[in-house]
Amino acid sequence: MGTRRHHLAAVALTLATLGSLTACAEGHDEPSIVVTTNILGDVVHSLVGDHAAVTVLMKPNSDPHSFGISAKEAGAMEDADLIIGNGLGLEEGLSANLDNARSEGVRVLEVGEHIDPLEYTSGGSAGTPDPHFWTDPARMVAAVDVITSALGEEVGDDLAEAIEPSVTSYRGQLDDLDAEIEEIAESIPAENRKLVTNHHVFGYFAKRFDFEVIGAVLPSGTTLASPSAADLEELARTVEDAGVPTIFADSSQPQKLAEALSDEVDLDVEVTELFSESLTEADGEAGTYIDMQRTNAKAIADGLAPPQITDTPSWK
């Protein structure tokens, strides 16, 4: 009888040990990170690789100001170890979901608040923070540092240590990108560095590379705004006076307004597409953040450089 009792006790101890090991294993599941925009999603993927499960909410070729999410994605936000967002009012359709996640105790890192944001200087958004910091690669280097720090704080030192080589590599790639775009910008004479865009999205790019944003079709920092006929007329005169040869429209937005403005101007003005607010599918021209920045810089140079320049720059 005593032998049987000892056997049962041994079985119970084994089951308890297995249960403890199972719980321990479940407690060390792969970290869960949710990223709001696909631009930051690409950056986070580049940093963490296979060391964490990354869910990107914004689909390719979407508008960050207006995209929505599914109920499943909303649930993933509330279960995440960390949510990484752009912030500064960019993700206008996600405010309720972000508040819900915060109420569940999930940390929401709004990267834009930590990279010395600029304010809009004109249009309907003047005086408010500009969320489009990614158009400046140097600020994206700062963003990488902010993200890496948050990963260490919220996900753990083990992850921070594991991704250290990829963080160092990606920062180097961003430094190279910044230098490459600076070279491209310098190929454009200073007097030609004047931008007219679909909405006010290139303020950081302009400050970093010495451009002047002289106007936007949508006189606001959001694509949800609408221009009046008077706005278009005033901008058309500005474009004429400045002799701007190209208007740059965002790839995620219809070009009708930019084309309407082009029709209003008594000059031969082209409308050129930029990938300013969303990545494309992986095999597209802007499949990664770095590809997007490089593609845009070359398109801007092609649109603004005077035709008499015949030397082929090294970035071609």
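**Helix packing, pockets and a salt bridge in a predicted model**

Helix H7 packs against helix H11 (residues 289–304) at an angle of about 5°, and the two axes sit 10 Å apart. With an angle under 35 degrees counting as roughly parallel, H7 is therefore roughly parallel to H11. The structure here is a predicted model. On the H7 side, the contact is built from Tyr-170, Gln-173, Leu-174, Leu-177, Glu-180, Ile-181 and Ile-184. H11 answers with Tyr-289, Ile-290, Gln-293, Arg-294, Ala-297, Lys-298 and Ala-301. Sorted by class, the contact of H7 with H11 comes out at nine nonpolar, two polar and three charged residues.

H7 (residues 164–186) also packs with helix H2 (residues 38–48), this time at an angle of about 130° and with the axes 7 Å apart. Angles from 65 to 115 degrees would count as roughly perpendicular and those over 145 as roughly antiparallel, so H2 ends up oblique to H7. From H2, the residues in touch are Asp-42, Val-43, Ser-46 and Leu-47, while H7 brings Ser-166, Val-167 and Tyr-170. Tyr-170 thus turns up in the contact with H2 and in the contact with H11. The H2 contact with H7 splits into four nonpolar residues, two polar ones and one charged one.

Now for the open space. The largest pocket holds about 520 Å³. Its lining runs to 26 residues, and those closest to the pocket centre are Ser-122, His-200, Val-213, Ile-214 and Gly-215. Three elements each put at least two residues into this lining, namely helix H8 (203–209), strand S6 (212–218) and helix H9 (229–242). Strand S6 is the top contributor, with six residues. As for chemistry, the lining of the largest pocket is made up of 13 nonpolar, seven polar and six charged residues.

The second largest pocket comes in at about 170 Å³. Its lining has 13 residues, with Asn-38, Val-56, Pro-60, Leu-279 and Thr-280 nearest the centre. Helix H2, the one packed with H7, gives the largest share of this lining, four residues. Here the classes are five nonpolar, five polar and three charged.

There is closed-off space too, though the count stops at one cavity of 30 Å³ or more. That cavity has a volume of about 30 Å³. Lining the largest cavity are Thr-197, Asn-198, His-199, Val-201 and Phe-202, along with Phe-248, Ala-249, Asp-250, Leu-274 and Ser-276. Strand S5 (194–199) and strand S7 (246–250) are the elements that supply two or more of these residues. Five of the lining residues are nonpolar, four are polar and one is charged.

On the charged side of things, searching the whole structure turns up 14 salt bridges. One of them joins the side chains of Lys-59 and Glu-73, at 2.8 Å from N to O. This pair ties together distant parts of the chain, 14 residues apart. Lys-59 sits in the loop between strand S2 (53–56) and helix H3 (71–79), whereas Glu-73 belongs to helix H3.

Note on methods
Residues numbered from 1 in each chain as written. Predicted model: local features only at pLDDT ≥ 70, side-chain atom pairs only at ≥ 80, totals over all residues. Heavy atoms only, no water. Axes fitted to C-alpha atoms, helices over the stretch in contact; angles between N-to-C directions. Contact = heavy atoms within 4.5 Å. Nonpolar A, V, L, I, M, F, W, Y, C, P; charged D, E, K, R; others polar. 1 Å grid on protein atoms, 1.4 Å probe; cavity = no way out; pocket = protein on both sides within 12 Å on 5 of 7 lines; lining within 4 Å. Points joined across faces, edges and corners; volume = space filled by probe spheres on them. Salt bridge = Lys/Arg side-chain N within 4 Å of Asp/Glu carboxyl O.
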